[in-house]
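Biologist: Could you take me closely through the sheet of this model and what lies against it, and set it in the context of its chain? I would like one connected account rather than a list.

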Amino acid sequence: MALPTTTVAWSNPLQPPAYNPVAARTTLARPPPAQPAAVPSEKPKKVEWTPEVRDYVGRAFEPENTIAGISKEDTTNKLRDVLSYFAERSQLEGIDWSTYPLPQELLRDERAAAWAQAQNNSLLSSPHGPANSTFDTPQSKKRKSQDKTDLSESADASVPPWRRTNLESRITYANGHSEKRHKKNALSGDATSKFDQADLEKRKQRFQLSKNGNSSTPPWNSPKPDSDADMDNTPCVGTNMSLEKSYFRLTAPPKPETVRPQHVLEKTLAMLRKKWKADKNYGYMCNQFKSLRQDLTVQHIKNDFTVKVYESHARIALEQGDMGEYNQCQTQLKALYSQNLAGNPDEFTAYRVLYFVYTCNKTDMNDLLAELTPADKIKPEIKHALDVRSSLAVGNYHKFFRLYTIAPRMGSYLMDMFIERERLHALANISRAYMTVGLRFLTDELQFGDDDECREFLESHGASQAIDKKLDEHGKPQFRVKVKEAASVFESLRQAAFALVDIKGQK
Amino acid sequence: MSTEAALAGFQQAYYKHDALELASCLKPTPVDRLYDFWRSTNEARVEHTVKHAITYGLSGIERSEAQGWIDVFVGFWRASDKIIKADQAQNQGRLSERHAVEVYETWKDLVQTFQKYIGNGTLPHWIIFTLYFVANDLRRFAIKADAQLAKAKPVTFSAGLSDDIVATTPKNQKLEEAARVFSRIFALCMSDRNPNLSESRKWAVYCIANLQFKTYFKLKTITLCKNLIKSIEAQADMPPWNLYPKAHRVTYMYYCGVIAFLQEDYNKAETALFNSWAYCYKGSTKNRELILTYLIPCRLITKSEIPSAQILQEFPHLQNLFGDLVSSIKRGDLAGFDKAFAEGEPEFVRRRVFLTLERSRDIALRNLLRKVFLAAGYEDLKEGQTEKDRMRRTRIPLAHFATALRMGSGGGQTVDDEEVECLLANMIYKGLMKGYISREHAMVVLNKKGAFPGTGV
C-alpha cells in the first residue's frame, strides 16, 4: 500500500478536502498565503467596542491565527456569539481579551471534544472505527468530506493542500501536539516549524491564563483539559494485512499501514494458537503476542476479542512460567473484565489469588479478598485458590499438597512456582516434629511422583546424610529419613526460599 | 456585607496568632459560611477589593506579607466561587466531574499559595498549622474529585505509545497529585534550618506526616509511609518528642503501629500501638477503638493473649467484631472459631486484620490439644513417689488428638489421620507445643515440663 506522497498531493491541489470534521492541525506548518487582515463587518453597530475587544477581533482574523478546518465563516459566527454573549451581560469589560481564547480555538476544542465523543461511542459498537476500509487507497482522496462547512469553504486557501491529503491528517490526536509536531518536522523538514512551536507555546500559555484568571468563561467553552485529553487519545485505524508481525516498542505514533485491523488479528490469533500447539516456540510466540496486543491498543480495540488475546497470552506465558508477561496480561484482564466483556474472569481471579500466594504479598492479597463477593467465593476455581491460600496460611501442608493434585485449569502451573518452596517449608516443619519418618510418608505427604523423585529432592537439598537404607525381609531396600538430623538444613533452605520471592513483572 | 467585614474574623485570628482560628476562617464547610465573602466581590474585582481589605485591615504589616495574604484570600475567593457553584449544581442535580475537579484545582492553588509564602518566609512560621487544615481539606476535595471522575470514566484508554489497551493511569489521580503537594509541605517543615526551635516549622512535621499517612492509606500505597518514617527517624535536630502535642503523637504512633502491623513486624507494632493507646485521650472512643482493632490481633500473635471481657464490653463495636472469635479461642472451639471468622471476614478484610487473625486459629487449636493433654490425667505413682511427684501422662496416642479434632471441627469437615499429624507438627514447629510425633507407635510424646509453654502445664 502506498502512502500518498507530497508529490501526489501537490498534483491535485484543488480537490475537495478529504479530512475529518475534526481540526487535525492545530497550527499551520507554513505561513499561509497572505490574507487581507479582515475587518469584522458583522459586528453589531450599537455597542461601543473597547480597544481590547477590537484588538481581539483583529487577532481572530489574523492569518497566523487561522486554524485549518475552521473556516472564516465559522470563525465569524463564533466571534459574534462570543461577543454578544458578553455584551448581553454587560461583561465585555470584565474579560481579559488579551488572554481569552480566539473563536477558532474555541471551535476547534468543541469539535475535538465532539469527535472524541463520537469516536468513543462508535468504538463501542464497531471496533473497526468508522473510516476503516476506504482509507488506504488513493481513491480515498476523492472520498466526500463529512463536513459540509468544510466543503463549502474548500477555497480556503490558508490550508495547504498537502496537509489535507496527507494520511497524517487523518490520524487525529486530540491533544498530542508534540508527537505530531515531531512527525511533521520529520516529514516536511519545514523551516518554519520552530516558529510554530513558539506560537503553540504562546497559545498554550493563553489557555493557561484564561483557565486560572478567568472564571466567567461562557458555557460553551471547551471543557478543561484533563489528563486523558492530555494524552494521545484517538485511535489509529490499521490497514496491514499480514498475519505475522514482529514486536517493536513504539516511539512515535504508529503508521496505519503497519497496523493490522481486527479481522486480520483474529486470523493471527487462530494461527498463533495452532502454531503454539505444534511447535511450542515461546520466544516467537511472545513476540507475536506483544505485537498483537500493541495493534489492539493503538486501534483502541477493547472487546471480547481483546479479552481472548490477553487470556491466550496469559495462558501461554503461564505454561512457560514467564511471570513477567503473565502478570502484564493479568493486569489488563482485570481491567477488561471490569467492563463486563466475555471471558473467564473466575479462572483468572483464581490465578490472581495463586499469584499473590506465590509473591507472599499480603497487602495485595488483602485487597483482592476485599474485592471478592460471596458469590465469587463459591466458584470452583476461586474456591480452590482460596483453599490453597488458607491451607498455607495456617500451615496445613497436608491439605495444600492434596489441593495441588486437584488444581483446576492451569492452576498447577502457578502452583509449580512455589511448590518447591512449600516442600521445604513442610520439610522444615516435619523435621521439627518427628525423629524419623519413612521415605514413603514424605513422598505421599509432599506429593512427589514416586519415592525416587522424593529421594532425589532430599539429596539435592543436602539431606542425603539423613537417608537411611535398610533391606526388609524380602530383600527390598527400605528407606527411612532421619529428619531430625536435617532440621537445621531444611530450616535455612526454607528461609532462603521465602526470602527469594521473585516478583518480576510487577510494577 | 463588605469584603472588609467578611474578613474581620481573619484579622482577629491574625492578631491573636491563633493558627486554628485562622484556619476556621478558611474552612470550606458548611458552604453557607462562604456566601458573605463570595457576595462581597466578583471575579473581575476580587483582586482589587481583597487588596483594599487586607492593606487597610492589617495595618503596619510588611508589604510583602500583605501581598501574601492578598494572594491567599483571592485564592480562597476563587475556590469559594467554585465550591458554591458546585454546591448549587448538586442541589439542582447536575453535579458533574468538572465541578469537583474545579473545586479541587482552585483549592490546590490556595494550598500552593500558602506553601509559597511560607517557604519564602513571608508569612509567619505559625501559619504552617493553618496550612495543615487547608491541606486536609485539599485531601477531601481530591477524594471527591476522584470519585466524580471515576463515575464519569470508569476505564480509560491508554496513551498511543503504550503496548497495552488499558491505561495504567491511576484511579486516584487527583489524590495522588495532592499527595505530592503534601510531601512538598512535609519537606518545607523538615528543611527548616531556623536555629530558634520555638519558631521552627519542624513542629508541624508530625501532623503533616499524619496527613500523608492518611492519604497513602487511602491510595493503598502504604509502602510510601515507610520512607516518611525513615526520613523523620534520620533527622537529627528534631524538637523533643514529648513536647509535641499529644494529638500529633498519638496519631503518629497509631500509624507507625499499623504500618509495622501490615509489614508483619508485630513486636514493633505492639510497642507503637500500645504507646498510642496509653496517650490517647480517653474520651475519643472512636480512636481508642481503632487502636484496639490492631492491638488485639497484634497481642494474639506476639503474646497469644486474648483481650479481657472488660475491655471488649467497653467497646461494643469491638465486642461484635472480636467477641465470638475470642471466646472460641478461649474454649478451643475450632468450629466456633471458623464460623466467627467467616462471619467477620468482610470487616476483617476491610480493616486489613484478616490475614493476621487467621493465625490465631493456632491458639484455639493449642487450647483444644491442651485439653486432650489434661484429660489424659496422671501417670500412676511408682514406689517411693509422693503426691508431689505426680506426673502428667506425656505419651498420648495420636487417635486421641484425632478424635478431639474431629469433635472440635464440628463434624462437618473430615480430618484424616495425616492431617491430624500435620496440625500437630505445626504446633510443635511453631513452639506452641513441645514434644515429637512417633509414627511407629502412633503416639505423641510431649515434654515432661512445659508441654504447652505459657499455659501453666
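Modeller: A residue is counted as buried here if 20 or more other C-beta atoms lie within 10 Å of its own, with the C-beta atoms placed from the backbone. On that criterion, 42% of the 457 residues of chain B count as buried, and it should be kept in mind throughout that this is a predicted model. The secondary structure of chain B comprises 21 helices and three strands, and among the contacts in chain B with a separation of 6 or more, 62% join residues that are 24 or more positions apart.

The three strands make up an open sheet of chain B, in which the order is 1-3-2 and the pairing is antiparallel. Strand 1 (395-397) and strand 2 of chain B are the edges of this sheet, and because each has a single partner strand, one side of each is left without a neighbour in the sheet. From one strand to the next, the twist averages 20°.

Looking more closely at one pairing, strand 2 (residues 435-438) of chain B and strand 3 (residues 443-446) of chain B are joined by four bridges in the antiparallel sense. Within this pairing, Tyr436(B) has Val445(B) in strand 3 of chain B as its bridge partner. The hairpin that these two strands form has four residues between the strands, and in it Ala442(B) adopts a positive phi near 50°.

The two faces of the edge strand deserve separate attention. In a regular strand the side chains alternate between the two faces of the sheet. In strand 2 of chain B, Gly435(B) and Ile437(B) make up the covered face, whereas Tyr436(B) and Ser438(B) belong to the uncovered one. Tyr436(B), the residue bridged to Val445(B), is thus placed on the uncovered face of strand 2 of chain B.

As for what lies against the sheet, helix 20 (residues 398-408) of chain B lies across strand 1 and strand 3 of chain B, and the direction of this helix is at about 60° to strand 1 of chain B.

For a contrasting piece of packing one may turn to chain A, where the axes of helix 12 (residues 304-320) and helix 13 (residues 323-337) come within 8 Å and cross at roughly 150°. The two helices of chain A are therefore roughly antiparallel to each other, and helix 12 of chain A passes helix 13 of chain A in a left-handed crossing. By class, their contact has nine nonpolar, four polar and two charged residues.

Key:
Residues are numbered from 1 along each chain as its sequence is written. Chains are lettered from A and ligands numbered from 1 in the order in which they are written. This is a predicted model: local features need pLDDT of at least 70, side-chain atom pairs count only at pLDDT 80 or more; totals for chains, interfaces and linings use all residues. Axes are lines fitted to C-alpha atoms, for helices over the stretch in contact, and angles run from 0 to 180 degrees between N-to-C directions. Angles under 35 degrees count as roughly parallel, over 145 as roughly antiparallel, 65 to 115 as roughly perpendicular and the rest as oblique. A crossing is left-handed if the near helix is turned anticlockwise from the far one by less than a right angle, and right-handed if clockwise. Ala, Val, Leu, Ile, Met, Phe, Trp, Tyr, Cys and Pro count as nonpolar, Asp, Glu, Lys and Arg as charged, and the others, Gly among them, as polar. A residue is buried if 20 or more other C-beta atoms lie within 10 Å of its own, exposed if 12 or fewer, and partly exposed in between; C-beta atoms are placed from the backbone. Two strands pair if DSSP finds at least two bridges between them. Two residues are in contact if their C-beta atoms, placed from the backbone, lie within 7 Å.
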